Amino acid sequence: MDFKLSDDNIRLQKLFRDFVKNEIEPEADRIDKEEAFPSAIIKKAAELGFMGTPFPEKYGGAGLTETAYCLLNEEVAYSSATVGTVIGAHIGIASNSIFFGGNEEQKIKYLTELASGRKLGAFALTEPTAGSDAAGIRTKAARRDGGFVINGSKIWITNGAVADIIVVYADLAKSDKGRGGITAFIVESSFPGFSVGSIEKHMGIRGSSTAELVFEDMKVPEENMLGVEGGGFSVAMKALDYGRLGLGAGCVGMSRRCLDMSVDFARERVQFGKPILRQQAIQFKLAEMATQIEAARLMVYQCAWMADEGMKITKQSAMVKLFCSQVANRCAYEAVQIHGGMGYMTDFPVERFYRDTRVTEIYEGTSEIQKMVIAMQLERERRR
Ligand SMILES: Cc1cc2nc3c(=O)[nH]c(=O)nc-3n(C[C@H](O)[C@H](O)[C@H](O)COP(=O)(O)OP(=O)(O)OC[C@H]3O[C@@H](n4cnc5c(N)ncnc54)[C@H](O)[C@@H]3O)c2cc1C
């Protein structure tokens, strides 16, 4: 066992930290307050090759590992969960759908554009009647004129209003077999019949674009079907395995930030004649936060190592997502408590982190769904 990052990863971590310090941190509060999509930061990330961190160079990526991608997510979310969400949707679930589900031509044509950062991606699965029960989608695809036509709508799609390439999951109507009929399609936002509907306002990650997507007789060429007919559900689940890992890394970054802010504040804030850091009640909170972060971080990097070794990560990444999002929420809660009234004021980032961490227990599968995934894997393991 080796618990040390490799020299290459230490160098990358420094590179990511510098990028975050110089490009994201000065903008993070403004992005939240103005609910501004971080276009300039994403452009800069693309120039640096970060928008395709884990993908092979032949597909426009940086040719790095999942471990490196987790390091990026951890550092980015330390400063801005909004930027972490934009990158997570682009790499973790949109680009990974094409990487795992696509054929060579699709990877050359679409993954290259995404991984190079020339185009932005989105992953469109959720619908008004299909959230946790994703197999219940009603968006229909039908064969027509040698290609497909898609009708329906998606809700709450991250990057939805700004993405150029969207992986859309639809039911290939003739089959009507629940998850058996779900098929993935690569859609360009310029396709006739595609439009962006309502754009949501939300509690946290306020700079990220969360949109409704509408498909009205949207024509999709035959060659844009991703994977096999009826194979969409497994493409989505494989992408989500990797998305959840990256998201867990982001949660570690957010938790670390909550702890750092809390230690700094507790050292400075004097009540009852001494810094509150000298009060055992505060020390215990900090100690709990630090211990949980340590455990969360180990889980993330063990799972990243498994991914880099080509091992199946379904159970592990669900555990990572479940645990790390809970840790992030607990750390944000305690950070507000340690800051007292100051933690409640919008002038300080603690309040932003409190709002931003909440969604991590909801998107890419709620905590309840992660427990179902873990339990299903446990059952499978015993059956073998
Ligand atoms: C900010 C944001 C961004 C998002 N981005 C995307 C995106 O890019 N692409 C995309 O496709 N989707 C996206 N989503 C959707 C997200 O994945 C769903 O919100 C999530 O999967 C939960 O679905 P739901 O909200 O419909 O909740 P529901 O499924 O209605 O669940 C409601 C509650 O019931 C619980 N529940 C449901 N079923 C069970 C069960 N069997 N057992 C126990 N408890 C259960 C849930 O855990 C939850 O607590 C986003 C959501 C948000 C909030």
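In this predicted model, helix 8 runs over residues 314–339, so 26 residues in total, and its first and last C-alpha atoms sit 37 Å apart, close to the 38 Å expected at 1.5 Å a residue. Most of helix 8 is covered, with 20 of the 26 residues counted as buried. Right after helix 8 comes glycine 340, which has a positive phi, near 60°.

Zooming out, the protein chain splits into three pieces: domain 1 (7–115), domain 2 (121–230) and domain 3 (234–383). Going by the residue numbers, helix 8 belongs to the stretch assigned to domain 3. The C-alpha centres of domain 1 and domain 3 are 20 Å apart, and the two domains do touch: 23 residues on the domain 1 side are in contact with 26 on the domain 3 side. On the domain 1 side of this contact, helix 1, helix 3 (66–79) and helix 4 (81–101) chip in with at least two residues each. The chemistry of that side is a mix, with 9 nonpolar, 9 polar and 5 charged residues.

Then there is the ligand. Its shell is made up of 20 residues, and the closest of them are Leu125, Gly131, Ser132, Thr366 and Glu368. Domain 2 and domain 3 each put at least three residues into this shell. In terms of secondary structure, at least two shell residues come from each of strand 1 (121–124), strand 3 (147–158) and helix 10 (367–383). Strand 3 gives the largest share, at 3 residues. Sorted by class, the shell around the ligand holds 10 nonpolar and 8 polar residues, plus 2 charged ones. Glu368, one of the closest residues to the ligand, is a glutamate and so falls in the charged class.

Finally, a look at the start of the chain. Serine 6 is found in the segment that precedes helix 1 (7–33). Serine 6 counts as exposed because there are 12 C-beta neighbours inside 10 Å, and a residue with 12 or fewer is put in that class. For a sense of distance across the model, serine 6 can be paired with isoleucine 186: the two are 180 residues apart in sequence, and their C-alpha atoms are 36 Å apart in space.

Key:
Residues numbered from 1 in each chain as written. Predicted model: local features only at pLDDT ≥ 70, side-chain atom pairs only at ≥ 80, totals over all residues. Near = placed C-beta within 6 Å. Helix = DSSP H or I, 4+ residues; strand = E, 2+ residues; numbered from the N terminus. Domains from an automatic or database assignment. Contact = placed C-beta atoms within 7 Å.
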